[in-house]
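This report covers the chain shown below. It takes one residue as a starting point and works outward from there.

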Amino acid sequence: MNAKGIESMAIKSFSIRIDEEMLHKLHVVADYEGRSANGQVLVLIRDCIEAYEKKNGPIFKENVKK
């Protein structure tokens with residue numbers, strides 16, 4: 001576990017298809033927030049998961065379908 005009490009997990013790569021205009025807008029928002037596009041996407045994913053878990057309860061690894 002790290003300092004926040006969270007188990008370390010391997011970093012995985014995940015590709016998406018995104019149109020050029022949306023990618024450009026993502027970069028603008030990320031730059032404004034002082035993040036890379038990758039960092040901005042991670043923030044959005046974390047926010048989405050947090051909202052889901054607030055509504056539906058915690059997600060556990062054994063509940064995740066691959």
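## Y52 and the nonpolar patch

In this predicted model, Y52 is a residue of helix 2. Its relative accessible area is 45%, and because the partly exposed class lies between 20% and 50%, Y52 is placed in that class. Y52 also contributes to a nonpolar patch on the surface, together with L42, I45, I49, I59 and V64. The area of this patch is about 500 Å².

One general point helps in reading helical positions. An α-helix has 3.6 residues a turn, so residues three or four places apart point the same way.

## Helix 2

Helix 2 covers residues 37–56, 20 residues in total. At 1.5 Å a residue the expected span is 28 Å, and the C-alpha atoms at the two ends are 28 Å apart, so the model agrees with the expectation. Just after the helix comes G57, with a positive phi of about 95°.

The buried residues of helix 2 are A37, G39, Q40 and V43. These buried residues pack against helix 1, residues 20–33.

## Q40 at the helix contact

Is Q40, a residue of helix 2, buried or exposed? Its relative accessibility is 6%, and Q40 is counted as buried because the cut-off is under 20%.

Which residues does Q40 touch, leaving aside neighbours within four places in sequence? The contacts are L26, V29, A30, E33 and R35. Q40 is thus listed both among the buried residues of helix 2 and with this set of contacts.

## Helix 1

Helix 1 has 14 residues, for which 1.5 Å a residue gives an expected span of 20 Å. The end C-alpha atoms are 20 Å apart, so here too the value agrees with the expectation.

At the start of helix 1, D19 places a side-chain oxygen within 3.1 Å of the backbone nitrogen of E21. The residue that follows helix 1 is G34, and its phi is positive, near 75°.

## The chain overall

The chain contains two helices and zero strands. It has 66 residues, of which 9% count as buried. The exposed area of the chain is about 6,800 Å², and 57% of that area is supplied by carbon and sulfur atoms.

Note on methods
Residues are numbered from 1 along each chain as its sequence is written. This is a predicted model: local features need pLDDT of at least 70, side-chain atom pairs count only at pLDDT 80 or more; totals for chains, interfaces and linings use all residues. Side-chain values use heavy atoms; hydrogens and water are left out. Helices (H or I, at least four residues) and strands (E, at least two) are DSSP runs, numbered from the N terminus. The expected span of a helix is 1.5 Å times one less than its number of residues. Buried means under 20% relative accessible area, exposed over 50%, partly exposed in between (1.4 Å probe, protein chains only). Contact means heavy atoms within 4.5 Å. Patches are made of residues with over 30% relative accessible area and no salt bridge: like charges are joined within 9 Å, nonpolar side chains (Val, Leu, Ile, Met, Phe, Trp, Tyr) within 5 Å. Accessible areas come from the Shrake-Rupley method with a 1.4 Å probe; for residues, only the protein chains shown count as cover. A salt bridge is a side-chain nitrogen of Lys or Arg within 4 Å of a carboxyl oxygen of Asp or Glu. A polar contact is a pair of N or O atoms within 3.5 Å; within protein, one must be able to donate a hydrogen and the other to accept it, and residues adjacent in sequence count only if both atoms are side-chain atoms.
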